[in-house]
Each structure stands twice: as C-alpha cells, then as structure tokens.
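Visitor: I have the model open on my screen and would like a close look at a single part of it. Could you walk me through that part and then show me how the rest of the chain is arranged around it?

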Amino acid sequence: MREEVDILVKNITALDPASDTILHGVDIAVKNNRIVKIGQRLKFDLVEEIDGGGKIAIPGLVDAHTHAFQILLRGALSMKELQVHPIWLRVLIPFEAELTREEAEISVELSCLNMIRKGITSFADAGGPYPEILAEAALRSGLRALVTHSTMDRGPENYTRTVQMNRDLIQRYRNGRVRGSYSIRQIMTSSDQQIEETFRYARTDGVRVHMHLNEEVSEIQHALARWGLRPVEYLYSKGFLGDNVLAAHCAFLTGEEIRQLSSSGTNIIHCPTIAMLYMNFPRIPELIAAGVNIALGSDGGSYRPIDLFMEMNIMISGLTGYYGTPYHDFNVITPRTALKAATYNGARVLGFKAGRLQEDYLADIAIIDVQKPHLTPLHDPYLLPLYATGEDITDLIVDGKIIMKNSQPLTLDQEKIIQMVKEIQPQILEKIKSITRRQY
Ligand SMILES: [Zn+2]
C-alpha cells in the first residue's frame, strides 16, 4: 500500500525565492499542514489533486502590515483629503473607533476575501477595535494571522487600548494558526510607561510587537523633543528592539539607526505604495546590505487594492528610480529579492516556519496560471513580479487546506460579502463625512 497524502500538486514549476531555485515539472505533496515531498512523478494515494500544468507555484504571500478595519474607507477620501496631516490621527483612528461590531465584522470579512483573491496566505494586522472579530474571521477563512489591539494611552479618548487588553488577547490566541501580538500604534500616542510595559511583557511572553516606526517627520521631531533621541535611537537605548519586533515603514532613518535596527535583529515592513505617497524612498538597499530582514506590507486596502504583486512592482520601480537610475545601476532590487520579501521574509516576521517550497515547511502555497497573454512568454519565472498581479493566482493552499480553487474562494461567500458591504455603504459614508467635517 502506498503512503497517503492530502493534496498532490502535479507537474508544476516551483519557485523557492529564499534559495533561488526553480524546479520544473515537479509534484508537491502535502500531508496534514506540511509539505512532505517535492519531486518528479511522485506516487501517493491521495485525497485531492491539483493539475499544475502551465502553472507556477510560489510560497504563499505574506502581508506583514495591514489594517483590516480600514478597508471600508475605499474611495471615500480625495487625494487632497488624504494629504491632511496626520491622517492616521485625524481620520483613520476615529473611523476605526466609531465602527460598530456589525460593521467591523463586514470589514474584516471583506479584507480576508481581498487577501485570498490576491494570493495572500498570512497577514499581520496593525491593530483595530475588535481584534477578536478579526481573529475569528481569519480562523473561518483559513488564513494565518497575527492580530492585536492597537495599543495607545495618549490618543483620542474613545480609543484607549491597554497592554492588558493584548495580554488577554494573547492568552486566547496563543499557539495556533491565528495568534495575538502586542503593539504600539506609534510612539506619539503611547506614554513611556506603556511602551516599557509592552516590550517587557512581549519579552517574557515570547510574543511579537507590531508598531509603526520612523514613519513621519513629526514623529522624529516629537521623539527628539521628548527624549533627545530619535524614535529608533530611544527604543534601542532602552533595549526594546529585537527580532520579535515588526517595525512598519522606517522611512526616515539615519545611518546610526540602520546600524541599531540591524544589530538588534528588528524586522522592517516596507509598504511601497504608501511610502511613495506619504513618505519617501526608505533606505531599503542599505538596510538589506546591513542584513535587516525586510518584509512587505500593503498598509491595508483603503487607498489601494491589497495586492502584494503591485507592491513588489512599486518596490522595484520606486527604489530603482531613486537609488539606481541616477547612477546607471539597474540592479538595486531584483524581482527575486522582492518575491523573497513578500514570502519567506514575511513568514519569518510573523514567526511561522513557512514562506518556502521545501519539505517540512508549512504548506502555504500560491498557484499562478501563467497561460495568459500578459504572462506569455515568461523566459525567467523569477521575473514574475514585473508582469503578474494578485488576480493571476488561481489556487491557494494554507496550512495544508485548499482555500481557493480555480479562482473561487472556498471559505468565504464572495457575493454575500459584497452585498453586505453595499447595504452598509450609506451609513459608512455618513460616518466618514461626519469625521472629516470635524477635521477639515
Ligand atoms: Zn499602518
């Protein structure tokens, strides 16, 4: 009798960006939640087969910085309104705070559906009003996730979130596919005591801390006035930084801060679209050279689609435009480096043994149909990020379960979710208008 597996992906091209290998015409065998074998013409008794002919398998994409409670803002704010500073304090946080539980429920379902459709298998949410609602949606939809309360004790009155709230959340979601993390929304909205407690508990509990860091000039000015140090310098001087920290953006760094992030092992989440719109060209090439783990994030789906292929593309074009083109150097960020950031590096950030098409890794796999005009021919499959979009992903396996097949999500009801969003759309717009009337 032959050994039994749960899923066998047959005859596919497999990319493993972390090792820079391409395997043509291989089978990938999945049992329980792991990849158990990759090789040619594997023989197993199996439960489910996926035909990989004309397709490419990549490790599942990891959105290492998102905002699942902001997606209902889509299309509500003009580009001019988006420039009113600081948007996160004036509009985004009040919007999250005023979401009802029912609206939050719809928001997270829509976010999970968007992620699945674009080949995202794991995400780290930066924090919202109801992380337990997001955790349950991630569990139902089959996604892997880190969720958190967006901790702050200096923000708007109705948005205080304590470290204890995250302690309770982490207790509830500890070791599974969906886990709680600590967070600091931003240093400007947390007291010294809250920052200290967050990092202390994170260390004793062995849990991650998700935060926005060095994301805007006013934050740097704030830190210099408050501590006489820049944000990274302060956290480093206190011994808070480490490989359990997810630092989103880090768009304004000095050489000294790059050294501190590198020596502490801090993970950086680069969100290319938002960096180009709001910040600058973060010193990603220098950070990579310094050995910093760089993952990719969408920063949520409120301004742009949640599409890590688009983010990879903007990462390559933006950073090359700034750090390469003026020096006639077009090899600043390769498409493979971008793909590795969006897969393996992201899985490391979240703390899962995933992000690789290798035996014994968690079976998080995205399958792309390349039999399409815009992907033909594709001489070097590692150049995929230059041509593909998230929509090209047709099948998605997370934790050894198929959650999208032939472009049909299996765990969420797309029509129903879109209908629910339509029903609450007028009340959501009214809510946004009342917030912007107060702010502008
Ligand atoms: Zn963010």
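What spacing do the donors of the zinc ion follow along the chain?

Guide: Happy to take you there. Please keep in mind that this is a predicted model. Along the chain, the donors of the zinc ion follow the spacing H-x1-H-x144-H-x86-D. Put names to those letters and you have His65, His67, His212 and Asp299 as the protein donors. Each of the three histidines offers its NE2 atom, while Asp299 offers OD. These donors lie 2.1 to 2.3 Å from the zinc ion.

Now turn the view so that you can see the angles. The four donor atoms subtend angles of 84 to 168 degrees around the zinc ion, so the arrangement is irregular. For a tetrahedral label, all angles would have to lie between 85 and 135 degrees.

Next, look at the donors themselves. His65 and His67 are both buried. Asp299 is buried as well, because its relative accessible area is 6%, and a residue counts as buried under 20%. This aspartate sits in the loop between strand 14 (294-296) and helix 12 (308-323). Its backbone deserves a glance too: the phi of Asp299 is near 60 degrees, a positive value in a residue other than glycine. Most residues other than glycine have a negative phi, and most peptide bonds are trans.

With that in mind, two other spots are worth a visit. Asp399 has a phi near 55 degrees, again positive in a residue that is not glycine. You will find Asp399 in the loop between strand 16 and strand 17 (401-405), and it counts as buried because its relative accessibility is 16%. The other spot is a peptide bond: Thr376 and Pro377 are joined in the cis form, with omega at about -10 degrees. Pro377 belongs to the loop between strand 15 (365-369) and strand 16 (393-398).

Let's go to the start of the chain and follow strand 1, which covers residues 4-16. Strand 1 pairs with strand 4 (residues 45-51) in the parallel sense, over six bridges. In that pairing, Lys10 stands opposite Asp51. Strand 1 also runs antiparallel to strand 2 (residues 21-31), and seven bridges join them. Here Asp16 faces Thr21 of strand 2. The hairpin of strand 1 and strand 2 has four residues between the strands, and Asp20 takes a positive phi near 60 degrees there. Strand 5 (residues 55-59) is a further partner, running parallel to strand 1 and joined to it by two bridges. Thr13 stands opposite Ile56 in that strand. As you trace these strands, remember a general point: in a regular strand the side chains alternate between the two faces of the sheet.

From there, move to helix 5 (residues 163-172), which holds Arg167. Arg167 counts as partly exposed because its relative accessibility is 25%. Leaving aside neighbours within four places in sequence, Arg167 is in contact with Tyr182, Tyr201 and Asp205. Take Tyr182 as one of these partners: 15 residues separate it from Arg167 in sequence, and the C-alpha atoms of the two are 7.7 Å apart.

Ser181 is another residue to select, in the loop between strand 9 (178-180) and strand 10 (182-184). Its relative accessible area is 1%, so Ser181 is buried. Beyond its neighbours within four places in sequence, Ser181 is in contact with several residues, including Leu146, Val147, Thr148, Asn166 and Ile170. Val207, Arg208 and His210 are also among its contacts.

Finally, zoom out to the whole chain. The protein chain has 14 helices and 18 strands. Its C-alpha atoms fill a box of roughly 65 × 50 × 45 Å along the principal axes. The radius of gyration is 21 Å, which agrees with the value near 22 Å that a compact globule of 440 residues would have. Buried residues make up 59% of the 440. Among contacts with a separation of 6 or more, 74% come from residues 24 or more positions apart. As for the outside, the accessible surface comes to about 17000 Å², and 49% of that belongs to carbon and sulfur atoms.

Terms used. Residues numbered from 1 in each chain as written. Predicted model: local features only at pLDDT ≥ 70, side-chain atom pairs only at ≥ 80, totals over all residues. Heavy atoms only, no water. Donors = N, O, S within 2.8 Å, 3.2 Å for Na, K, Ca; no water. Tetrahedral: all angles 85-135°; square planar, octahedral: opposite > 155°, others 65-115°. Buried < 20%, exposed > 50% of the residue type's maximum accessible area, 1.4 Å probe, protein only. Rg over C-alpha atoms; globule rule 2.2 N^0.38 Å. Contact = heavy atoms within 4.5 Å. Areas by Shrake-Rupley, 256 points an atom, 1.4 Å probe, with all protein chains shown as cover. Pairing = 2+ DSSP bridges.
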